[in-house]
Amino acid sequence: MTIIECTENDPHLGKGAPALVEYVLSLNLIAPLEELIGLIAGSIVAIHGIFEDATQTWTDPGSNILWLRDLLLAKLRNVRVLLYEYNASALKSPGNDGADGILAQATTLVAELCADRELANATTRPIIFVCHGLGGLLAKRALVYSHSRRQKAIEHLRSICISTYGILFMATPHNGFSKETILFTHGNDSPGPSQSILSFLKGSDMLNDITDQFAPLMKEFSIYNFWENNETDFGTRKIFIVDHESAAPTWNDVERCGIQGTHSTMVKYSNHFDQGFRLVLEALSRYVKRAPLVIRSRWSNEQELIARERQREVEELLQPRFQLIFPEDTSTSMINEWCLVPRSPSKFFTGRQKHAREVKEMLGPIRSHDDRKRNEPIVLYGLGGSGKTQFCLKYVEDNKHRYWGVFWIDASDKENIESGFGAIGEQAGRGSTLSAGIYWLSRCTKPWLLIFDNADDPDLGIEEYFPSGGNGHILVTTRNPRAAEETRAGRIRFRGMEAQEAVTFLLKAACSDTPYDTIPSTPKRRICAEKIAIELGFLPLALAHAGATIRRNIFTLERYLEYYLGCRKSTMSHSHINSADDVNVITTWEIPFQRIARRGSLKYKDAVDLMHVIAFMHFETIPEAAFQRPWTNLTKYSANQRQRPDILRLVWNIEAQARFRRAIGVLYDHSIIDFEPSNSSCSMHPVVHKWARERLASDEQKYWLECAMETLAQCISPNLEASERKFRALLLPHINSCLQVEAVLQLPETLERAMEYERFGWVYAEQCLWHNASKWQEKTVEIRKRLLGRRHPDTIRAQRNWGQTLWNLFKIKEAIDIQRQVLFTLFFCRSPVKEWIVWPIWRPIHIPYCIALDDLTLTLWLAGKREYSKMTGERAVEGLTKRLGPADPKTLNAMFNLARTYLHLGEPEKCHKLLLWVLRLQKHFFGPNHPDTLMTRNELGISLCARKRHLAAAQRLLENVLKARREILGDEHAYTLWSVNDLSKIYVERGRASEAVKILEDIVPVVQRTLGEKHVGMMMTRSNLGKAYSIAGRWEEAERTIQPLLADIPPDHPDRIHTQHGYAYIKFNLGSIDESEKICDMMLDTITSKKILAINDPRTVAIADLLLRIYRQQGRESDIASIKKRIPGADRIENEDRFDVYAIRKASDPNLPSARGTIEREKSRSTSELRQAKRGTPSEFVNPRSERGESKPKLATRYTF
């Protein structure tokens, strides 16, 4: 440290002129120090930057004026000026740790200042720092270090922070250097910037630490930020060494100003009139004048604080000590049944034992039961490549015996979270939905561990996906530090590994097949490894890549660092790289990948091609099966496009699989990917995966994205076989990834693209992701209409698929519009010509037209236009029967839809007859548990219920369907909930209203959670529950359940009449006669004016029957006669004390028995009648053991709850 000092008592002073005397640390004072102390108002400590030394920084080269000595002391005669010089070259040399280096320099600065001030008896003298460039970061780190020294033995070091009044930051990179600064300040002859320099890049972990630690102290100091106004000329380019935003951040209560000059010249002044000198002089003069009073007050407060602190320490020593005994972990004997993690940890995993202990302590002991406490997550956060995912994999491996189940969620985006929880729900038998998985974990009493990996998106709202209850622990890994701020349970920051752990890890990864323990670790090898580890920032991922490069003999341990530094320098020039940590990971990846790319053999060429394809898929769980390509080739429209790589054009067989495995082996051996043999899938780290895509030129990105999309599309069978459903679910993250990139790159809208969109839409629809499916199906229709025309079969097929998806979204109007367009198009598209030779010509019966009629039948049924649905359905069945025969699956589907329409129109006999035919053939062709077969069995049970016959058989039928759907689809699937609703109707008909109430009350929260309050499935459930309440005599609950439905059902829908009738009936039984009558009159007026129902419709008759009961109770004979005349079918049969969701009786049929005595009549039915019923009914209606669920068929996407 150099000290420049001026006093009036110095014998070297000339008259009227200041004396300038330079001293070194070992002061040889000309005048006694005691005489000088009272004349000095403060100390100015100047700290140079990293590009010049202590003298060069402040000296004007033209005049050789050191302004801190030659100019400043002429104006401020009562200060001491100290120049602090540190070894800047150590920070710039490879193999030195930047974070440790700046801390060491800061510690030294504090110690030297304290020593000098103690010797001068000036520990309370005010300090003002003047810092250039990186010297400002050193001062900030020194003040943070000084402020933290509170222990009695080192409390003297705290004096520096207490005595500091102000800081002048001269182009200090508070936010870091730009990438251009680091590259240009290191010449072409340099091997490249060191890790120490890279740690000062914008956004680096070390800079964030310094900023966060210094922020609470800022209010104690007067701060002035100066920035350079002129760029520095490097010959080929001019740049700001420290840009304005970094030099002068928008801090509150901080002065800011620019100085004319470059980064170097802004602190070099040749005279008193220099603009920069005048600004600095004014600030220093003001600080020197104000500092003594402020610092004296601060020291007074500090003495009081120290006294209280020491008193508290004495009191703590006198307190009795107690030993805390924590509850014993009861999980040691737990048998792990489920461990759903993507892969095993790396075989080279080393260290992190401290973190493992901390996580275990934060999570706490395993509970033996669910104590209903909310599960608070432990957040593991830190930069990419710091080993968070590998740590979790290793933690699972070491601790899975403590948990009954371990579950892994890829939290990189919303879609992957939903599919992850869907997989958990499916495994648990609850249904493959997000809510099913979360709900099951929330109710699970056995101990579980749930890991959210890669939750990096700050807008995702990861906390929304935490199970609210259950006996579980939650771990979250993220690169987003804000996620850690919001957790209350605990957080651990992942940085680079400990130095010795990193060296050991690198040496272990660099060994070939020889066990690490058998290789002598010589001091020379450890020194080489330590230098490499320092330059890699101790990042586990970068160390793993480097170890693989050395292990594969691409470079030796001794030569690796030299080549790495040069490669890192060139890699930094890429526009997408701005982080020191990312450049370390990416450079270590680039070295082996470039070596692979230069190799000429087939397996290396295949490895490069596979790498490029994988770069556009999702980085986790890329299945080998996606490359098997067993389905129709999509390239029939793309003959003029660039030829696809050989490995993507193979016919999959044993030889092709071996070739694929060899290519994967090359990538795995070089640690470019991870391969998990247990599920034949590979993965990549997110940082590397992103770089593998961004390193490609724009045209190359488009080409390889096309290859990836084609690869995914071609492994999706047009038949959507049920056996492949789980595999297609695995493709969802990769489809999402490709489509997200495609939205940025904007691929041309070709026919090949349309076919890919179409197949992706199939997968979305199969997984009930209707909004996603609709988006891409609409896109498919647009492209094909433009390129093929609306009459092309592919266009029509795409429109049909889109219409079915809109049906499932309950966008009924839009679905009808699409289906009518298809019908209109097919009316004029009749091929061959003989299809026009029909009579009448306006009633075509060619197959595509009849299938379109069937689609419209289903939608009209849901829309409540059931007379129109009947008309289109009968035409569809007639045409398909003529052209395909009555046993064709398309004909059977049309028959089923028509049968359901018959049922809702009050024609149960026609419905029953059709359903029997359909069921017999579906069971023969598809088996009893195919989705279409289950749908028919379900509807047949309701048909029996509507006919009031064989109710016991109907109950067994519905119970069997419900059991099969629970086994195949899960408890919370829409079809399963539909079966529960239908089973409740049979319970009601059989007089078991309490059982109906119970099963419906159980599913209400499930329907609410999975479908939503306004969904038609929720309306159906509440309607059935209201009916069950009324049959059970729970009228108040029935009223509360039914009343809200009236606001949700469209006014012109037939189901609104049914619901209003039910509500009127409830009001009647509650004694609100006038209101019940008013509702009935309103319904009849609506029916007659808008023709929603026929006069003889069962629901119309039921309304009239209720009015008759009201009139009879009030003795209104004239009104009784009037209503009988108005509704001829009224009062024909015995009145029923309930309302029905279906039209279960025909008003014009006086012989149809009432439902009141159904149970009794069933009991007295003769044996011969039952035998006759068996002959006309499938045997399963009598034998409940006839159904077995053996396989898991694909979901039918045409019907949903």
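**Reading a covered helix and a nonpolar patch**

In this predicted model, residues 24 or more positions apart account for 74% of the contacts in the chain with a separation of 6 or more.

User: Happy to start with the overall picture. How many helices and strands are there in the chain?

Analyst: The chain holds 48 helices and 21 strands. Of its 1201 residues, 57% are buried. The chain exposes about 51400 Å², and carbon and sulfur atoms supply 51% of that area.

User: Let's take one helix. How should I read H21: what does H21 span, and how many of its residues are buried?

Analyst: A good general idea to begin with: an α-helix has 3.6 residues a turn, so residues three or four places apart point the same way. Now the case here. H21 covers residues 540–551, and its 12 residues reach 16 Å from first C-alpha to last, close to the 16 Å expected at 1.5 Å a residue. As for cover, 12 of its 12 residues are buried, including His545, Thr549 and Arg551.

User: Which helices do the buried residues of H21 pack against?

Analyst: They pack against H19, H20, H22, H23, H25 and H26. After H21 comes asparagine 553, with a positive phi near 60°.

User: Now the surface. Which residues form a nonpolar patch there?

Analyst: Phe824, Phe828, Val833, Trp836, Ile837, Trp839, Ile841 and Trp842 do, with about 970 Å² of accessible area together.

User: Where is isoleucine 841, and why does isoleucine 841 count as partly exposed?

Analyst: Isoleucine 841 lies in the loop between helix H32 (812–828) and helix H33 (847–863). Partly exposed runs between the buried limit, under 20%, and the exposed limit, over 50%; isoleucine 841 counts as partly exposed because its relative accessibility is 34%.

Technical notes: Residues numbered from 1 in each chain as written. Predicted model: local features only at pLDDT ≥ 70, side-chain atom pairs only at ≥ 80, totals over all residues. Heavy atoms only, no water. Patch = residues over 30% accessible without salt bridge, like charges linked within 9 Å, V, L, I, M, F, W, Y side chains within 5 Å. Areas by Shrake-Rupley, 256 points an atom, 1.4 Å probe, with all protein chains shown as cover. Salt bridge = Lys/Arg side-chain N within 4 Å of Asp/Glu carboxyl O. Helix = DSSP H or I, 4+ residues; strand = E, 2+ residues; numbered from the N terminus. Buried < 20%, exposed > 50% of the residue type's maximum accessible area, 1.4 Å probe, protein only. Expected span 1.5 Å × (residues − 1). Contact = heavy atoms within 4.5 Å.
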